[in-house]
Amino acid sequence: MNTKNLEKIIFKKTKKSRFWGGIAIFILGLGLMAIGGRIFIGYMTASKELTKCTASDVDNGYYKFTDVWSVVGEYGYDNKGTGYVLWVINEEDPDKSFFMGMYFSEKDVPTAEKASAAFWDAYDNYTQSTVYLSGAGRVRDMRSDEKSAFQDAMHALYGDNSYVSNAVYKTLEYKAFPRQMSFRDWLMVVLGAFLAVCGVIIIITMGGGKSKKQILDKVVLSGINPDQLASEITFGKKYGNIIITQNAVFREGFTPLLIFFKDMIWCHGKVTTTKNKAFGVATVSTTKTYAVNFVDKNNKTSTMMVKNPSQQDQIITAVHEAAPYVICGYNEDIAMAAQKNFRDLVNAVEHRKYELEHPQPEPQKEQYIFDQTTTEPVPDKIKFTPGSYGLQDSAPSEQQKPLGYDNSSTQTSLGYGNNNVQESDSQSLNIDIPGSFDSSSLGDVSGLSNTNDYTDGIL
């Protein structure tokens with residue numbers, strides 16, 4: 001069975017929508033990964049070790065540091081963390097060491113407190129012991145209040161302004177990796193990675209993927225010619241992305257769907273009403289979405305979204321016209337039968353389908369044809385109503401005997417025993433014979449064979 005032409009028509013829009021959809025999902029995934037893993041990315045791409053910089057070299061951005069930090073005192077705190085005065089020891093030239101701020105988040109404050117306590121113990125005991133820290137972080141400019149607190153702390157340490165020349169009014173936000181990233185950051189990274197992988201899969205399977213195999217298997221089982229189905233889809237009734245053909249309903253697009261009428265039991269509309277929310281609180285406004293549900297013989301429901309109720313009604317009407325045996329519309333009785341006695345519903349639809357496909361012949365009606373002489377066109381078929389078809393004079397009380405029958409017969413020439421005279425639709429055979437009727441006046445009528453001959457003899 002050659003299905004190339006059918007595949008081209010069915011999956012034409014699928015390839016395009018899947019390709020661009022996959023690209024969009026992949027880019028979205030990369031964006032979430034970049035936002036969630038910004039600290040990790042900054043740490044991994046940091047080109048400088050902060051301890052190799054001088055005061056004039058420190059810019060905003062990410063830096064690494066390894067065993068070269070000394071916490072020398074606290075200069076302020078807030079409800080999220082604490083700021084400390086940090087002494088950056090230059091590895092290459094200790095004389096170029098400088099002071100700057102370092103902000104520890106609330107979870108990391110105990111680490112800073114231990115480092116600060118160790119430093120002051122060494123200072124008080126006149127030892128050369130220095131506390132070192134390792135990690136990475138983002139350098140930013142100090143806020144105005146933060147800068148003022150930092151200057152006050154430095155005055156308390158040195159009592160003069162000798163520190164100003166080797167101070168940097170910037171703050172390093174410290175977090176020990178992997179706690180540099182919060183739970184939300186990790187969640188965004190995982191979600192972004194998932195979306196990126198999905199985008200790649202969608203691009204690879206833009207030919208249709210799993211839905212392609214399902215549709216082609218349905219076509220094979222249906223027995224319909226693929227070229228015929230392709231033609232039906234091409235010239236079918238289209239409502240948005242839904243096409244109604246002679247044998248099936250087809251949804252084109254990202255995930256195509258094909259349902260044959262011979263497998264369909266019930267078709268009905270569905271309206272979903274959603275309450276809108278503002279800042280998490282439900283409002284009086286609502287949003288409605290419209291769809292058409294198709295229930296097959298296995299009691300499986302396939303839903304196709306539509307734009308508005310008018311399109312919904314048009315699709316249901318088109319299904320009814322193409323497959324009048326399918327139940328179209330919704331009411332509670334049908335819904336209850338679908339839940340409790342679905343097999344009876346299937347049997348009813350199949351019985352109705354059989355009746356439509358095998359109509360009983362109507363009983364043939366008798367037809368009568370006059371053979372009468374006339375100068376006007378006479379129809380071949382004349383419809384009769386009950387009445388007598390003999391000759392009648394002007395006196396209603398004297399019923400004349402039909403010509404060609406003996407006096408004992410009461411039958412008309414067509415075999416109907418009626419007492420009233422009925423004219424045909426085209427011409428009446430009423431002849432008014434005044435006075436009493438004498439059969440001898442007809443002359444010799446033995447050679448006349450039908451009503452017309454008798455009439456000619458009279459006339």
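Four strands make up an open sheet, running in the order β7-β8-β9-β10 with antiparallel pairing; strands here are DSSP runs of E at least two residues long, helices are runs of H or I with at least four, and both are numbered from the N terminus. Two strands pair if DSSP finds at least two bridges between them. β7 (237-239) and β10 (257-260) sit at the edges with a single partner strand each, so one side of each lacks a neighbour in the sheet. From one strand to the next the twist averages 15°, with axes taken as lines fitted to C-alpha atoms (for helices, over the stretch in contact) and angles running from 0 to 180 degrees between N-to-C directions. In general, strands of a sheet pair through backbone hydrogen bonds, either parallel or antiparallel.

This is a predicted model, so local features need pLDDT of at least 70 and side-chain atom pairs count only at pLDDT 80 or more, while totals for chains, interfaces and linings use all residues. Residues are numbered from 1 along each chain as its sequence is written, and side-chain values use heavy atoms, with hydrogens and water left out.

Going strand by strand, β7 pairs with β8 (residues 242-244) in the antiparallel sense over 3 bridges, and Lys238 stands opposite Ile243 of β8. At the other edge, β9 (residues 248-251) and β10 are joined, again antiparallel, over 4 bridges. Ala248 has Phe260 of β10 as its bridge partner. β9 and β10 form a hairpin with 5 residues between them, and Gly253 in the turn has a positive phi of about 125°. Both faces of β10 are covered: Leu257 and Ile259 are buried on one side, Leu258 and Phe260 on the other. Buried means under 20% relative accessible area, exposed means over 50%, and partly exposed is in between (1.4 Å probe, protein chains only).

Another backbone detail turns up at Asn299, where phi is near 60°, a positive value in a residue other than glycine. Most residues other than glycine have a negative phi. Asn299 belongs to the loop between β12 (281-296) and β13 (301-306), and with a relative accessible area of 40% this residue is partly exposed.

Then there are the salt bridges, each defined as a side-chain nitrogen of Lys or Arg within 4 Å of a carboxyl oxygen of Asp or Glu. By this rule the count comes to 13. Side chains of opposite charge can pair when their charged atoms come close. Arg140 and Glu173 make one such bridge, at 2.8 Å from N to O. The two link distant parts of the chain, with Arg140 in β5 (residues 135-141) and Glu173 in β6 (residues 167-175), 33 residues apart. Arg140 is buried, at 12% relative accessible area, whereas Glu173 is partly exposed at 27%. Both also take part in a salt-bridge network with Arg138 and Glu146.

β5 and β6 are linked by another pair too: Lys170 bridges to Asp141, with the closest N and O atoms 2.5 Å apart. Lys170 is in β6 and Asp141 in β5, 29 residues apart along the chain. Lys170 counts as buried at 15% relative accessibility, while Asp141 is partly exposed at 43%.

A local counterpart is found in helix α11 (residues 342-357), which holds both Arg352 and Glu355, 3 residues apart, or about one turn of the helix. Their side chains meet in a salt bridge at 3.9 Å, N to O. Arg352 is partly exposed at 37% relative accessibility, and Glu355 is partly exposed at 38%.

Lastly, helix α2 (residues 12-36) contains Trp20, which is exposed at a relative accessible area of 56%. Together with Phe19 and Met206, Trp20 forms a nonpolar surface patch of about 300 Å² accessible area. Patches are built from residues with over 30% relative accessible area and no salt bridge, joining nonpolar side chains (Val, Leu, Ile, Met, Phe, Trp, Tyr) within 5 Å and like charges within 9 Å; the areas come from the Shrake-Rupley method with a 1.4 Å probe, and for residues only the protein chains shown count as cover. Ala24 is also found in helix α2 and is partly exposed at 46% relative accessibility. The C-alpha atoms of Ala24 and Leu195 are 9.7 Å apart, with 171 residues separating them along the chain.
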